[in-house]
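This report is meant for someone meeting the structure below for the first time. Please keep the view open while reading, since the text moves from one site to the wider fold.

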Amino acid sequence: MGLTIGVDIGGTKIAAGVVDEEGSILETVKVPTPPTPEGVVDAIVEAVRQVSTGHTIEAVGIGAAGYVDDKRATVLFAPNINWRHEALKDKVEQRVGLPVVVENDANAAAWGEYRFGAGQGHSDVICITLGTGLGGGIIIGNKLRRGRFGVAAEFGHIRVVPDGLLCGCGSQGCWEQYASGRALVRYAKQRANATPENAEALLALGDGTVDGIEGRHISAAARQGDPVAVDSFRELARWAGAGLADLASLFDPSAFIVGGGVSDEGELVLDPIRKSFRRWLIGGEWRPHAQVLAAQLGGKAGLVGAADLARQG
Ligand SMILES: [Zn+2]
């Protein structure tokens with residue numbers, strides 16, 4: 001099979017790209033994400049049509065945030081777009097005239113990293129995506145594991161703190177409340193409030209107030225060695241690494257791949273994640289350790305992974 005299209009549905013933009021068998025993106029288009037479910041279908045169809053021009057396309061893979069059923073056809077529930085049992089595969093197939101596969105976006109990103117990124121050469125890989133929230137993907141025995149109903153690997157909502165912070169999902173103490181981009185901003189604000197003298201570089205990057213602190217400021221300040229920014233990354237890394245130790249107990253992979261915007265900071269966040277992972281790994285002295293690797297494909301992993309899953313049918 002030759003070229004396929006990967007579609008990544010983001011909160012503000014929908015990206016569609018033509019991808020070859022080696023995982024290279026030949027061409028992309030981006031369109032704004034419309035506010036209604038019908039509008040999103042129209043926009044996907046339009047993006048696929050635009051990017052297809054001049055190419056012979058075999059299939060389309062769509063990565064969507066939400067619960068996708070085991071047939072990879074219906075979005076059961078999406079937190080950001082108002083999809084409830086949305087028959088996305090059928091709707092898009094009818095209009096673009098190509099086979100369509102729908103996949104959870106974090107699963108698609110995990111597959112992209114396994115096939116063409118940091119996971120190459122590993123048969124058993126667990127991916128976590130530290131973005132606004134925390135997503136995950138499971139590859140065991142060279143297969144993407146979706147569970148019986150298609151909705152496995154929702155690691156972000158494992159409850160790590162009984163009666164902990166309220167989560168958007170309605171539960172309390174979910175892992176993503178402690179290890180995610182949103183958690184990072186909370187850590188920085190708490191620390192800047194407590195010790196503003198240690199956050200001078202951080203505060204100078206925004207509007208000077210604690211409330212004005214954003215994720216990108218924390219990244220930039222950490223690179224300058226701002227104590228509050230660096231410590232906020234370490235706090236996030238402690239929670240992330242402890243969670244990976246739990247996942248090692250469950251899955252025993254040879255590699256963990258850490259992706260998402262937070263991982264763009266590289267060793268600044270990966271090194272303390274590895275330390276925390278080793279600290280909490282049961283029997284760590286007497287067992288092999290999984291590697292903890294930075295994702296390599298950045299924001300393109302989901303698009304490339306969705307396109308490759310469509311190729312595999
Ligand atoms: Zn939750």
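Which residues are the protein donors of the zinc ion, and through which atoms? In this predicted model, the donors are His157 through ND1 and three cysteines through SG, namely Cys167, Cys169 and Cys174, and they lie 2.0 to 2.4 Å from the zinc ion. The angles that the four donor atoms subtend around the zinc ion run from 107 to 118 degrees, and the arrangement is therefore tetrahedral. Along the sequence, the spacing of these donor residues can be written as H-x9-C-x1-C-x4-C. Of the cysteines, both cysteine 167 and cysteine 174 are buried.

Two further residues deserve attention for their backbone angles. Most residues other than glycine have a negative phi. Alanine 153, however, has a positive phi near 65 degrees, and aspartate 163 likewise has a positive value, near 60 degrees. Alanine 153 sits in the loop that runs between strand 11 (143–144) and helix 4 (181–194), and aspartate 163 is also placed in the loop between strand 11 and helix 4. Their surroundings can be set side by side in a table.

| Residue | Phi | Relative accessibility | Class |
|---|---|---|---|
| Alanine 153 | near 65 degrees | 8% | buried |
| Aspartate 163 | near 60 degrees | 64% | exposed |

Alanine 153 counts as buried because its relative accessibility of 8% falls under the 20% limit, whereas aspartate 163, at 64%, is over the 50% limit and so counts as exposed.

Strand 11 also leads into the description of a sheet. Five strands form this open sheet, in the order 11-10-9-12-13 and with mixed pairing. Its edge strands are strand 11 and strand 13 (291–294), each of which pairs on one side only. Within the sheet, strand 9, made of residues 125–130, pairs with strand 10, made of residues 134–140, in the antiparallel sense over six bridges, and isoleucine 126 stands opposite isoleucine 138 in strand 10. Helix 8, covering residues 267–280, packs on the sheet and touches strand 9, strand 12 (255–259) and strand 13. The direction of helix 8 makes about 160 degrees with that of strand 13.

On the scale of the protein chain, there is a division into domain 1, which comprises 3–111 + 300–312, and domain 2, which spans 121–295. The C-alpha centres of domain 1 and domain 2 are 27 Å apart, while 14 residues of domain 1 are in contact with 15 residues of domain 2.

Technical notes:
Residues numbered from 1 in each chain as written. Predicted model: local features only at pLDDT ≥ 70, side-chain atom pairs only at ≥ 80, totals over all residues. Heavy atoms only, no water. Helix = DSSP H or I, 4+ residues; strand = E, 2+ residues; numbered from the N terminus. Buried < 20%, exposed > 50% of the residue type's maximum accessible area, 1.4 Å probe, protein only. Donors = N, O, S within 2.8 Å, 3.2 Å for Na, K, Ca; no water. Tetrahedral: all angles 85-135°; square planar, octahedral: opposite > 155°, others 65-115°. Pairing = 2+ DSSP bridges. Contact = heavy atoms within 4.5 Å. Axes fitted to C-alpha atoms, helices over the stretch in contact; angles between N-to-C directions. Domains from an automatic or database assignment.
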